[in-house]
Amino acid sequence: MTLREHDNGRIEERLRDEKKAWDAAPLPAGLDEAVYRGLLQARRKGRLRTRRAAAAMSAALVVVLLLGMVRVSPAFAAAVAELPGLSGLVSLVAGDSGLEGAVRNDFVQPVNVSDSHDGVMITVNGIIADDTRLNILYTVKLPTAAKHVPFKKFDLFDAAAPDKPLPVTISFGSVPLENPTKEFQGRIDVNLGEEADMPEHVRIDMKLFGYEGLADWSIVIPVDKARFEGMKEVIPLEQAVTAEGQRMLFKQATIYPTSIAVDVEFDKANSKRVFWLSDLVLVTDTGEELRSQGSMNMSADRMTLQFESSFFSKPKHLTLRGTRWMALDKSKLEMKLDLEKKEIVQAPDDKVRLVSAKKTGTGVYEITLAVKSDSSVDRYGFTIVDGPFRDAAGTVFNTGGYRTSSTEPDKDETNITFEVLLDKPYTNPLAFNIVNYPSWIEEPFEVKLK
Amino acid sequence: MLGLDTNEQAKAAKAGNSEAFLRLLEGSKERLYRIALAYLHQEADALDAVQEATCRAFQSLRKLKEPSHFETWMVRIVLNACADEYKKRRRRGPEAWLEKTGTAGIAGAAIAFSDASDTRVSLRQLVDGLPREQKEIIILKYYQQLTVTEVAAVLECPEGTVKTRLHKALVTLRGVLGEEGIHDFARA
């Protein structure tokens, strides 16, 4: 061996030591985020329009990510407060870990489109969207101070198909303010039905109380679908849970940027109809809890459970937990009322009683039921019956849109008031479908999603 | 080894399917990050480089001629992103460097070298000071253990050129560290 070869060998040995040292460096938690952010950055650059606001926000968010922020903090608030026209972005998504993750990962799309007439200006500042959910961040300016925005109704359309409303579930609302103000910021949470695709442009028409007879406030919201294209993780499950002879099969979980959907099927051979699964929560390997955002009954035997998203936080493990099932014998799914005698003819048990049944208009009756429930554990706004019903002769009638459900704090009883539209001759008793009832299978369950 | 069995995914990614693109990166991201960390030494800078490389790659996917060469191509892009980041850092000057070093986020490198000897740190400084084309070869050949053929494919140059640059790099390193090497030889 020559001296030179030996020297090279020494250096190579040291370089191999150096390699070991580099390999020992742990992979940072922010690596996945860096990849996602690169992808989002590419999509943004790929668009024709430049969005300076988004770029500014992106720069601010990089700072936040470098600091390793996980939860909302004053620094985070300052960093994301730059969506034009919207200073309260953080408070609008606070409490929903999926949306917080979306905001932290630059997933907010600036919109800034307004409609203004009759002294009211409504602006859509931005949206947080994916294939299933559209969160609309808005500002409303009123001509006179109020304690809340008097929203009366929203209608959503695919702007390219303006006559066909989108099949959506809308949640909105806020706690009335103590001091009236003229300017409000808020979030409208729109869940898209599973059969519909998110349109490229969504039109939202809004009506306000106190402004009846005037034109709707109408805004067309561009949805940049490239921002969330392919951004979902599908986890096949096929895991069965059985209790008291009833079986449910967890089919699959889908993790979207702003929500997690878990599909459940109930065995057709079950003797009970399952209405609802109670106290659902997803728990991550770090102990973070992703809250339930409700469930949708796709049919009598299929349900989709929705949760806050973990898309951006990417936990290694995700476990679904529930405490009990609301379920009723399939033989007891009908309730019969005699309006003339003002009595219940048939009910699952004696937990429900008829409080009143009175005629409130031509062909309209208002019925009030009271049902015993334990408000400390039931945590459910019972409606008991819903939808079309039949009279003794088999004629089909409809329930009206008006409905209230209230529980007095010191009484374990919920009062439910609803309207029935008896606009043609009918024969007592009337048979209603039971859609929920305080009847429970007490059996905690757990399903490992990943 | 480069050239994973990623042909179909790469084709889907080329067609603009970002899910396929992310899946492909899933298999490469660790390598890309380690290359960037060895190049830039700072975790935050390395993450910036990975982000920038991801962005550039997705934007220019259609330029990827052979889908099976996705990882080779990605490594080239991350090296370019690192070179740009390196230049930027030089422009920012030593204050920016110190400022960043002083914050959290470089735990990786810090932990890796908490027990490092002075000699190893000085080798690191020497590699860092090599001309770009030599430094890249050291990272790929020694830290990523690629063959000369694979390094040539990443850098899109003949194997002979890789060998020449590698030789020059080792000569430079030996020139500075050589005395110690001879001393060791004499002792042995």
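In this predicted model, A:Lys314 sits in the loop of chain A that joins β16 (302-307) to β17 (318-329). Although A:Lys314 is not a glycine, its phi is positive, at about 45°. A second lysine, A:Lys342, is found in the loop between β18 (334-338) and β19 (343-346) of chain A, and its phi, near 50°, is likewise positive in a residue other than glycine. Most residues other than glycine have a negative phi, and most peptide bonds are trans.

The table sets out the backbone angle and the surroundings of each lysine.

| Residue | Phi | Other C-beta atoms within 10 Å | State |
|---|---|---|---|
| A:Lys314 | about 45° | 14 | partly exposed |
| A:Lys342 | near 50° | 13 | partly exposed |

Chain A also holds a cis peptide bond, which runs from A:Asn428 to A:Pro429 and has omega near -5°. A:Pro429 itself belongs to the loop between β24 (413-421) and β25 (430-433) of chain A.

Turning to chain B, helix α3 covers residues 43-59, which makes 17 residues, and spans 24 Å from its first C-alpha to its last, close to the 24 Å expected at 1.5 Å a residue. Because 16 of the 17 residues of α3(B) are buried, this helix is largely enclosed by the rest of the structure.

Helix α4 of chain B (residues 70-102) contains B:Trp73. Since a residue is buried if 20 or more other C-beta atoms lie within 10 Å of its own, B:Trp73, with 24 such neighbours inside 10 Å, counts as buried. Its C-alpha atom is separated by 10.0 Å from that of B:Lys63, a residue 10 residues apart from B:Trp73 along the chain.

How values were computed. Residues numbered from 1 in each chain as written. Chains lettered and ligands numbered in written order. Predicted model: local features only at pLDDT ≥ 70, side-chain atom pairs only at ≥ 80, totals over all residues. Helix = DSSP H or I, 4+ residues; strand = E, 2+ residues; numbered from the N terminus. Expected span 1.5 Å × (residues − 1). Buried ≥ 20, exposed ≤ 12 C-beta atoms within 10 Å, placed from the backbone.
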